[in-house]
Amino acid sequence: MAIGSGLGAQLGIAAETTYGTFVAPAKFIEFTKESLALKKTTAQSAGIAAGRLLALSSRRVVTRREVSGSLDLEVTNKGMGLLLQALMGTTVTPVQQAATDGYLQTHTLASVAGKSLTIQKGVPLTTGTVVDKTFVGCKVISGEFACGVGEMLTGTFEIDGKDCDESQTLAAASYAPMSPFHFGQMAVKTGTFGAEAALDGIRKVSVKIERPQDVERFYANQASLKREPIENDQVKITGNLETDYVATTLDDLHTSDAGTSLVWEFVGTEIDTGVSETFRITLPAVKLDEGPPVVDGFGVVKPTFNFVGLYDGTNQPTIEYISTDATL
C-alpha cells in the first residue's frame, strides 16, 4: 500500500507507436505538480413533457471526451528524453560519446506529427490504494524552462490528450538515481552562431517553445474522441533575460534590432573524462523586443530583456541533452 496522499503518487510515461493507443510505461518521471484531467462535453435533452419539472438523468449524453493539463518538474540529469522528443519533434537515438557512459541526445526542431505519449498517473486514495488514470494520445503543446539565482532548472509542459483510460494496470514505479540541474551550473552565451561568448550579468533566464496544433479534430465515426492534432501555425519561441546592467551588449541589440545566437546551458557532473551531464538550448537567432534600462530608484539598474526566437535561414533551434540514458 502507498501513502494516502500526494506522497504516494506516481507518473509513468511511454512513447506511442499509434496515436491514442496505450503503451505500458517503463519510465517514471519525478514531478512537482500536475493537472492532467479528463474533460467531457455533455448535452442535456430539453424535451417538454406535461408536468415534468426537472430534466431526465437518462437524457444526458456525453458528446466528446478529451484530456488537458500540465506537468511541472525539475529538469534532471536523467529521464527527460521522451518529453523533449515530444516537444521538439525529431526522432532521437542517443549517441554514445566515445567509449564513455555518456550519451548525447540532439533534439532538433521538427514536425511533431506522430509524436504522442501515454502518460499514466497514479493518484492515492487516503486508504493508500493508488487509482490508475491513464491518458492516451498525449501531445506536448508547449514547453517552458526557467532558472534564476538560487533556483533549480524547472520545466512546464502543456499537454493535450485524446482520452482517459482507467482500465489499465498501474505499472510499478521505479526510479533511477538522478539530480536536478541548477543555477550554479548555468551559463549564457551570445554572439555569432557557433562562436558564442559568455554574457555577464544574467540573473534569470526563461525560454518557452510553443507548438500550435489544431486540437479540435472531432469527427463522426470517432466515438466522441479526437483525431491526432495537426500543426496549424508556426512554432513560437519566446523568453526573457533578467539582468544587472553590467554592459550594453543586450541594450545595443535592442536598439539596433540586430540578431544574435543565444546558448543557454547547464553543465553538471562529469560522467567520464571530457563528458559531463549537460542540458543546452541553442537558439541560432533571437531578437530583443523590449527591455531598455530604466532607473526606478537608488538600486542597481536591472533591465529584463524579452526576446523572440527566429530562424536564421540555416540552423534550427536545438535542445542537447547528455546523460547516461542509453535510450529515451
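The residues that line the largest cavity divide into 4 nonpolar, 2 polar and 3 charged. In this count Ala, Val, Leu, Ile, Met, Phe, Trp, Tyr, Cys and Pro are nonpolar, Asp, Glu, Lys and Arg are charged, and the others, Gly among them, are polar. The model is predicted: local features need pLDDT of at least 70, side-chain atom pairs count only at pLDDT 80 or more, and totals for chains, interfaces and linings use all residues. Residues are numbered from 1 along each chain as its sequence is written, and side-chain values use heavy atoms, with hydrogens and water left out.

**Stop 1: the largest cavity**

Select F28, I29, E30, E74, T76, K78, G79, M80 and M178, which line the largest cavity. The space inside comes to about 50 Å³. A cavity is a set of points, on a 1 Å grid over the protein atoms alone, where a 1.4 Å probe fits but cannot get out; a pocket is an open set with protein on both sides within 12 Å along at least five of seven lines; lining residues have an atom within 4 Å of a point. Points are joined across faces, edges and corners, and the volume is the space filled by probe spheres set on them. By this rule there are 2 cavities of 30 Å³ or more.

**Stop 2: K78 and helix α1**

Stay with K78, one of the lining residues just selected. K78 sits in the loop between β5 (60–74) and α1. Helices (H or I, at least four residues) and strands (E, at least two) are DSSP runs, numbered from the N terminus.

Is K78 buried or exposed? K78 is buried, because its relative accessible area is 16%; buried means under 20%, exposed over 50%, and partly exposed in between (1.4 Å probe, protein chains only). Leaving out residues up to four places away in sequence, show A176, P177, M178, Y321, T324 and D325, which K78 touches (contact means heavy atoms within 4.5 Å).

Next, select residues 81–88, helix α1, where 8 of 8 residues are buried. The buried set runs G81, L82, L83, L84, Q85, A86, L87 and M88. Just past the end of α1, G89 has a positive phi of about 105°.

**Stop 3: strand β12 and its partners**

Select β12, residues 186–191, and display the side chains. M186, V188 and T190 point to one face and are buried, while A187, K189 and G191 point to the other and are not.

Add β18 (residues 260–272), which runs antiparallel to β12 and is joined to it by 6 bridges. Strands pair if DSSP finds at least two bridges between them. Opposite M186 in β18 is F266.

Now add β13 (residues 197–198), also antiparallel to β12, with 2 bridges between them. T190 has A197 of β13 as its bridge partner. β12 and β13 make a hairpin with 5 residues in between, and G194 in the turn has a positive phi of about 90°.

**Stop 4: the second largest cavity**

From T190, extend the selection to L241, L250, L253, T260, L262, V286, L288 and F307; together with T190 they line the second largest cavity. Its volume is about 40 Å³. α2 (249–256), β18 and β19 (275–290) each supply at least two residues of this lining. How many of the lining residues are nonpolar, polar and charged? The division is 7 nonpolar, 2 polar and no charged.

**Stop 5: the largest pocket**

The largest pocket holds about 280 Å³ of space. Select L109, V235, L310, Y311 and Q316, the closest to its centre of the 17 lining residues. β17 (236–243) and β20 (304–310) each give at least two residues to the lining of this pocket. By class, the pocket lining splits into 9 nonpolar, 5 polar and 3 charged.

**Stop 6: A223**

Select A223, in the loop between β15 (213–214) and β16 (230–231). A223 counts as exposed because its relative accessible area is 64%. For a distance check, pick C138: the two C-alpha atoms are 18 Å apart in space, with A223 and C138 85 residues apart in sequence.

**Stop 7: the whole chain**

Zoom out. The protein chain has 2 helices and 21 strands, and its C-alpha trace spans about 80 × 50 × 40 Å along the principal axes. Of its 328 residues, 45% count as buried. Among contacts with a separation of 6 or more, 70% are between residues 24 or more positions apart. The chain exposes about 15,900 Å², of which carbon and sulfur atoms supply 52%; accessible areas come from the Shrake-Rupley method with a 1.4 Å probe, and for residues only the protein chains shown count as cover.
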